[in-house]
Amino acid sequence: MQQNTYLVDSVEALERKISEVRKAQEAFSEYTQERVDQIFRAAALAANKARLTLAKDAVEETGMGVVEDKVIKNNYAAEYIYNAYKDTKTCGVIEEDNAAGIVKIAEPIGVVAAVIPTTNPTSTAIFKCLISLKTRNGIIISPHPRAKKSTIDAAKLILDAAVKAGAPENIIAWIDVPSLDMTNTLMKEADIILATGGPGMVKAAYSSGKPALGVGAGNTPAIIDESADIVLAVNSIIHSKTFDNGMICASEQSVHVHSSIYDRVKAEFAYRGCYFLKPDELNKVRKTIIINGSLNAKIVGQSAYKIAQLSGVDVPESTKVLIGEVTSVDISEEFAHEKLSPVLAMYKFDTVEEAFANAEQLIADGGYGHTSSIYINELTRANVLAEFMERMKTCRIVVNTPSSQGGIGDIYNFKLTPSLTLGCGSWGGNSIHENVGVKHLLNIKTVAKRRNNMLWFRAPEKVYMKQGCLSVALDELGSVMNKKKAFIVTDSFLYANGYTKPIEQKLDELGIMHTTFSEVAPDPTLACAKMGAKLMESFKPDVIIAVGGGSPMDAAKIMWVLYEHPEVDFEDMAMRFMDIRKRVYTFPHMGDKAYFIAIPTSAGTGSEVTPFAVITDEQSGIKYPLADYELLPDMAIVDADMMMNAPKGLTSASGIDAVSHALEAYASVMATDYTDGLALQALKVLFEYLPKAYESAVTGVPNKEAREKMANAATMAGMAFANAFLGVMHSMAHKLGAFHHIPHGVANALMMNEVLMFNAKEAPAKMGTFPQYDHPHTLRRYAEVAETLGITGADDNEKLQNLLDRITALKEEIGIKPTIRDYVPDEEAFLSTLDEMSEQAFDDQCTGANPRYPLISEIKQMYLNAYYGEHKDV
Amino acid sequence: MNEKHEILAQRSHKVIYKDGDTVLKVFDSDFSKADILNEALNQARIEETGLNVPKLLEVSKIDGKWAIRTEYIPGKTLAQLMEENPDKLDEYLDLFVNIQKEIFSKQAPLLNKIKDKFNRKISASRFDATTRYELHTRLDSMKDHKKICHGDFTPSNIIITPDGARARLSSEENSNAGDTNETEATNSNALAEYYILDWSHVTQGNAAADAARTYMLFCLKGMDEVAEKYLNLFCKKTDTAKQYVQRWMPIVACTQSVKGKESEQDFLERWVNVVEYE
């Protein structure tokens, strides 16, 4: 091809070359995995075949290193990299999980600017070309002038092999006559930079404005702990330090030896051909290796013998490593520097602390983030190793391993990624901390398909019903569960009126000791719960029986919590959550000390089957709404006998509360077929039997059927909202009740019509967020409620209107007044709290499941509408 | 020029005369006109910073040769004093570094930039492409500052007036070579005790580069011990890490080599031939 024939020797020529590579890469980016893998293989084979020639060329050109070791590096760069990535997917869809709805798609980054150092020119070129080919990137190499011929030769032979295997022409290119200008131009115009080189080059890469994978200097300390295998340690260090005459950046620069084994270590080094410098020789070598704090270029990659000669020190020609025994780790000590040659500093230490502090200093001054090494007995000195691992600020910590061969991975440890470019983390000013691999040259797109969030249905393990079932249900406390002590929680009214009598009698019959706490007041306080819990603590019940409406059941749940986990923090437990499964706070496990039985005496709250409880801190006035399935009673006993004589106010308020539970659960964004069935059936029963139960309470003529239907409907509605949760009607009722002392059920009733109209809007300002809630469809849901109740209409809007009328009628039938004003005649008092109420209602836990996400201003308008009984559109 | 003009110094391309209470620097006729005018301009710019320098009086042509006339400052150079009173070396070095700090505390935004000058010098040097590449890369990574760098700051370029033989700078808290410290110098020195001469090499840039040059100039004169003392004192007084100054040494050595003094080449080559770590 014509374009290959010109030299890249100027910025203009480089610009031309970049555009050619870019064009080639565009074509390459369309290649399939199969074609890419063929090219990758062909390139790896070609590089591997040329390993010896390239090694000889590199040594000849740079005058550094050892041919035989460079052969290993070339071989490694071709074979290990191929082996590591031959089956790695790098093109198109690389991962797919249909169930989770996740697809990952790999795309090339574009053109890689590769800066290649003099120390490992051919192997680094092979490595970078191979990983670029595998990832469908183009690559342009900026060689170091000292090694340009061998670097370019390596790149060229890989290009030829790749093109022969089908890669586009020009997918690999290089600068023929390197200059800083061209290198800077390349880095600015490439899409990513793979910079290997000194701090100057790495800094240039990072200031180019392009993402850079730069790596920096190493200054690896090797600790030889007293527990080390001395022969293994010394020979590993020699093996690593002499490799390519010490030019691998992970190579050991200093060895730190415990005083108890110092002489043996020294003897082993000497025995294996290392030379210990005498004091006067030490100074000569110092002056030779470092000039003004910088490394003398003439010693890099030279043999120990040659460096000794340059220093005027006489050593045997076969000397492997020159060792200087020094004490200072300050940078004014020449031996404390990175030496890129077989010259090693040796320190003696008495304590691990001393050794680690020295290692830390050497790393901080010369090899931040790179590599550290230790020789130690992993088993007997695990704690020392752990401390080393914790303290060294290096991204690779190699144990009992030659650090040159160990740091590049896959030779002495097979889970460390093989690479010739080693990230040094933020410590080394790098964007990555690990060994560079193909994943760093890919843009991976994640496709996230919409999936439904799993839902659930949870209820007490036992729910017993039918009028008169109480006595039978309690039997199993003795016969099956073998309970010994029961703690009954109730309120003073129920206690005084004998509601706990049948329970106590039954317990006596079963031989279960029992005691009763009857001081629960409405809106139970933390003080009350604490008092109960204290009694529990001394009585030590193995069963707790809550008897009553919402207040005793809630109070009993809190006592249960305090009894089982006296250490809990209510503020943490009450923290508002978006998803009960993802909340920060993990609720403590309940039931280890006592079994919990709930026996409702009114038809409405549903607390006997819900995971909720509300408690008020009487000191701060804060209400803690607790929600967790750990709070679910173990057994609910729904016996209409307990409700037969409920007064009319309680009957209507708790009855309409049950209606609100069913309506909100049915409209909730978390509603499921399971909760829908319960909610609709509950509503059907409630609309029919609530007026009858109310009438019975008014007349005093018991109506067993109505009471039992109501009891079951209230519990079913409870199960529905225990799983689907509630909505903004409850959010608003909670605050209305708290600010203006309106009974909870009545407060719900007052907001009911407004909230239904609000939620039914087909184009709300904001809709609720939940996967299954795909569009505002609550109008239809309310129409379904209407249909269940036998309410007709020409369309859904009419059905809704008729449902609203029916609700209004129901409220009237059971003696609930139509507006808030009827309960809060002081208009000014209401208006003065309105803003605060609106804001708090917005922030209520119940708001999250509402199908329409309310704005605070909308809540305020609903309050106003419900106050005056005049509907303004919200 | 005639015999009434005492010759103060004779350099390779110029002769410096004393003419009454002025000094006349007469350049060879083949000397670059641009360089001469630049030197005069530099001098004028430095004058404006308030540093104690001989005032520029005139740029003219004498017998067809360009000449720069400045004030004559009576006194001895600090170099002479150091030689005459070796026991006071520490005292003199202290003053020397304080004066250099005083210079670093000033700015002259229109001066040439040190990096531009050094890049040109590296390109013009006789080192091979590889070495120049290393030096360019090293220079490129250095921090850009805007401090006045004298460019030939040696004791022979400081004149101590007879009244100022016990001169001291009171201020210790001014410039810091490691950072762009803009603290204003407190030494106004109305009764000038010292004057700084020869602004022909002045640039603006990183103070550490100028310190590295001063260190090198001591070393080139074989004053290794003084050089070490100077560097330690400089680093201490300016709170600069020694290796920060050392990183400039291969670069200043290369720029010095461009002057082509044969006797210096081996020494400078040794300084230049270093590598950055990998």
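How many residues of chain A are in contact with how many residues of chain B? In this predicted model, 28 residues of chain A are in contact with 20 residues of chain B, and that meeting place is a good spot to begin our walk.

Let's look at the chain A side. Here α8(A), spanning 199-206, and β12(A), spanning 294-296, each supply at least two residues of the side that touches chain B. The helix α8(A) gives the most to this side, with 5 residues. Sorted by class, the side of chain A that touches chain B has 15 nonpolar, 9 polar and 4 charged residues.

Now follow β12(A) across to the other chain. Its partner there is strand β11 of chain B, residues 274-275, and the two strands run antiparallel, joined by 2 bridges. If you would like to find the pairing in your viewer, select A:N296, which stands opposite B:V274 in β11(B).

With the interface in view, turn to how each chain is divided. The domain assignment of chain B gives domain 1 (6-71) and domain 2 (76-272). Between these two, 10 residues of domain 1 of chain B are in contact with 16 residues of domain 2 of chain B. The domain 1 side of that contact is made up of 4 nonpolar, 4 polar and 2 charged residues.

Chain A is assigned four domains: domain 1 (11-87 + 109-215), domain 2 (220-406), domain 3 (453-642) and domain 4 (683-706 + 722-874). To get a sense of scale, place yourself at the C-alpha centre of domain 2 of chain A: the C-alpha centre of domain 4 of chain A lies 78 Å away.

Terms used
Residues numbered from 1 in each chain as written. Chains lettered and ligands numbered in written order. Predicted model: local features only at pLDDT ≥ 70, side-chain atom pairs only at ≥ 80, totals over all residues. Domains from an automatic or database assignment. Contact = placed C-beta atoms within 7 Å. Nonpolar A, V, L, I, M, F, W, Y, C, P; charged D, E, K, R; others polar. Helix = DSSP H or I, 4+ residues; strand = E, 2+ residues; numbered from the N terminus. Pairing = 2+ DSSP bridges.
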